[in-house]
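Me: I should like to go through this model term by term and ask what justifies each description. Please set every value against its definition.

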Amino acid sequence: MISGRGAPTRRQLLSAIGMMGGTAALYAMMTEFGHAAETRFPGPPNLSGARPGASVIILGAGLAGMLAAYELRKAGYKVRILEYQGRAGGRNWSLYGGDKFTEMGGATQNVQFAKGNYLNPGPWRIPHHHRTLLHYCKAFGVALEPFIQFNHNAYVHNTDAFGGKPQRYRALAADFEGNVAELLGKAIDQKSLDTRLTAEDQDRLKEALRNWGMLDGDMRYAKNLRSSSHRGYDLPPGGGVNGAPQPSDLLPFDQVVRSGIATNMAFFMNEEFQTTMFQPVGGMGKIGEGFARQVGDLVTYNAKVTKLFQDKTGVTVTYTDTAKGGTTEAKADFCVCTIPLAVLSQIETNMTEKKTAAIQAVPYSNSVKIGLEMKRRFWEEDAEIFGGHSFTNQDISLISYPNFDYFKTGPAVLLGAFASNAGGYRLAGMTPEQRIETALEQGSVFHPESYRKEFMNGASVAWNRVPWVMGCCARWNEDTRKTHYQELVAVEDRIVLAGEHASYVGCWMEGALLSSIDAITRLHKRALEA
Ligand SMILES: Cc1cc2nc3c(=O)[nH]c(=O)nc-3n(C[C@H](O)[C@H](O)[C@H](O)COP(=O)(O)OP(=O)(O)OC[C@H]3O[C@@H](n4cnc5c(N)ncnc54)[C@H](O)[C@@H]3O)c2cc1C
């Protein structure tokens, strides 16, 4: 019941609603408050009442474009997609053995991975609460499996700590927490928290610190079996006569701080990364294939859009056939344009000055991914690492271990780099061969005995050299959002833009899909008014 003086607290209100209307009402109310809602997915759009024969041309067969096509056709529109490439999926893409890829600058790579191995050059992981994507994966029969985001047994390397020797995440994190807990315990003893907490609560906090930091009875973080149960043992527990475990030495705290471990610990606290993540079985490109099974018949491939014009009667799109040559004009009543802004800003249009300014205002980030095929799974066999990432402050930024086919004999592909910012630009400036050499050199810090010895072949994608996106993802900031975002997403006469760049879930597939649903819902409304 609501009680007490003044306005009810949110908790009081919710518990009262729960009592009156049961859990359904409580859930609805919590969603209003933004608590229970883990997703902004409203469910598939309801686009009823489309005018017979009304047509929509969609530019780009990435996830945003294909979802728009799927839902608009279902609603009764006559739909067509123009796609630059010879395949659907856009950034949703996997490279397999036998694939060929030419980047801007002319370098061509022939991927040599063994059957079943792949590199996801773009998206590679799906958070648990990206419900739009999860919904359509299920609807379109795309099988998902777990993606290991957090592996305590993987390494953290920093050239400025431990003489450049990588340490296990587990030991670094445990030592960081243990030392911080001990220091905070001392601060309590020195009365530094007297103004913040009562004596009773200080006792509670000390108890919590003892448990969190694995401190001993004297509130010290020390070498013993208690700290080793978090950081790992010198000799792990065994069976029989010599089964007793041996505790491990602690790492020097100054080096732990220098390793930057707190950044890694904070990284895993991101909402997207906190809990179970997924990947499609067989490569991320399987999602694009799943969507293409639904709408592939609507796609004109190798159609590079060069002009986009509209007038009172409709939309006219000019495209070049990149396979056979020649230029064609296509017409429709309306247009959903999902072409990434870095490309769209170079296409001739008659959109308003404000819209054009918005399209041109958003820079794109860069990113380089490198796949390295190794003869055997030495990270599993020699280092007991099954999935997850090892981090470094070198340009490659991390290496990541495959999350499938554990224990399998034969070659497997490691992600040898996921570089962005300055490191990404340095790698992008290299030839594909130089990138692989750099990835081998830098990645060797983690597995020095095996990395070069077991290497077979590799492939890389530098996203600012990919001609159909020219970058990794749209990079909004507070100012550009304030000045340009609403203008960018607004329906302008007969055209609406969609894609990850037209969302607040930037650089996630979920953002592309949420943007698409929102855009076609508004375009449909506009079409009904026309
Ligand atoms: C390195 C990297 C890592 C990522 N990691 C993740 C991740 O782990 N999880 C996640 O959910 N997301 C991730 N993302 C983001 C995700 O890939 C995108 O948000 C999403 O795929 C974008 O979909 P889209 O439909 O908006 O654009 P796109 O997929 O880019 O589709 C646009 C389409 O337009 C076509 N096109 C371009 N120019 C023209 C033209 N002139 N004429 C005709 N067609 C044209 C393109 O060929 C493409 O097919 C990552 C992206 C990158 C690059």
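Reply: A helix here is a DSSP run of H or I with at least four residues, numbered from the N terminus. The model is a predicted one. Under this numbering, helix H16 gives the largest share of the shell around the ligand, with 4 residues.

Me: Which residues surrounding the ligand are the closest?

Reply: The ligand is surrounded by 41 residues, and the closest are Gly60, Gly62, Gly90, Gly499 and Glu500. Two or more residues of the shell come from each of helix H2 (63–75), strand S12 (303–310), S17 and H16.

Me: What makes strand S17 largely enclosed by the rest of the structure?

Reply: A residue is buried if 20 or more other C-beta atoms lie within 10 Å of its own. In S17, which spans residues 367–374, 8 of the 8 residues are buried, so the strand is largely enclosed by the rest of the structure. Ser367, Lys369, Gly371 and Glu373 point one way, Val368, Ile370, Leu372 and Met374 point the other way, and all are buried. In a regular strand the side chains alternate between the two faces of the sheet.

Me: How do you know that S17 is joined to strand S20 and run antiparallel to it, and which strand is joined to S17 by 7 bridges?

Reply: Two strands pair if DSSP finds at least two bridges between them. S17 has 8 bridges to S20 (residues 412–420), in antiparallel direction, and 7 bridges to strand S21 (residues 455–462), also antiparallel. Both pairs therefore satisfy the criterion of at least two bridges. Gly371 faces Leu415 in S20, while its bridge partner in S21 is Ala459.

Me: Why do strand S11 and strand S22 stand at the edges?

Reply: The open sheet has 5 strands in the order S11-S2-S1-S15-S22, with parallel pairing. S11 (299–300) and S22 (495–497) each have a single partner strand, so one side of each is left without a neighbour in the sheet. Helix H16 (residues 509–529) packs on the sheet and touches S15 and S22; its direction makes about 170° with that of S15. Further within the order, strand S1 (residues 55–59) and strand S15 (residues 334–337) are joined by 4 bridges and run parallel. The bridge partner of Ile58 in S15 is Val336.

Me: Why is Tyr233 counted as partly exposed?

Reply: The partly exposed class lies between 12 or fewer neighbours, which is exposed, and 20 or more, which is buried. Tyr233 has 15 C-beta neighbours inside 10 Å, so it counts as partly exposed. Tyr233 lies in the loop between helix H6 (225–231) and helix H7 (253–258). Leaving aside residues up to four places away in sequence, Tyr233 touches Ser228, Pro245, Gln246, Pro247 and Ser248. From Ala64, Tyr233 is 169 residues away in sequence and 49 Å away in space, C-alpha to C-alpha.

Me: What separates the centres of domain 1 and domain 3?

Reply: Taken over C-alpha atoms, the separation is 55 Å. The domain assignment gives domain 1 as 55–89 + 286–364 + 470–529, domain 2 as 95–123 + 365–465 and domain 3 as 170–252.

Me: Where does pLDDT stay under 50?

Reply: This applies to residues 1–36, for which the model has 22 contacts beyond four places in sequence. Over the protein, pLDDT averages 93, and 93% of the residues score at least 70.

Terms used. Residues are numbered from 1 along each chain as its sequence is written. This is a predicted model: local features need pLDDT of at least 70, side-chain atom pairs count only at pLDDT 80 or more; totals for chains, interfaces and linings use all residues. pLDDT is the predictor's confidence in each residue, from 0 to 100. Two residues are in contact if their C-beta atoms, placed from the backbone, lie within 7 Å. Axes are lines fitted to C-alpha atoms, for helices over the stretch in contact, and angles run from 0 to 180 degrees between N-to-C directions. Domain bounds come from an automatic or database domain assignment. A residue is near a molecule or strand if its C-beta atom, placed from the backbone, lies within 6 Å of it.
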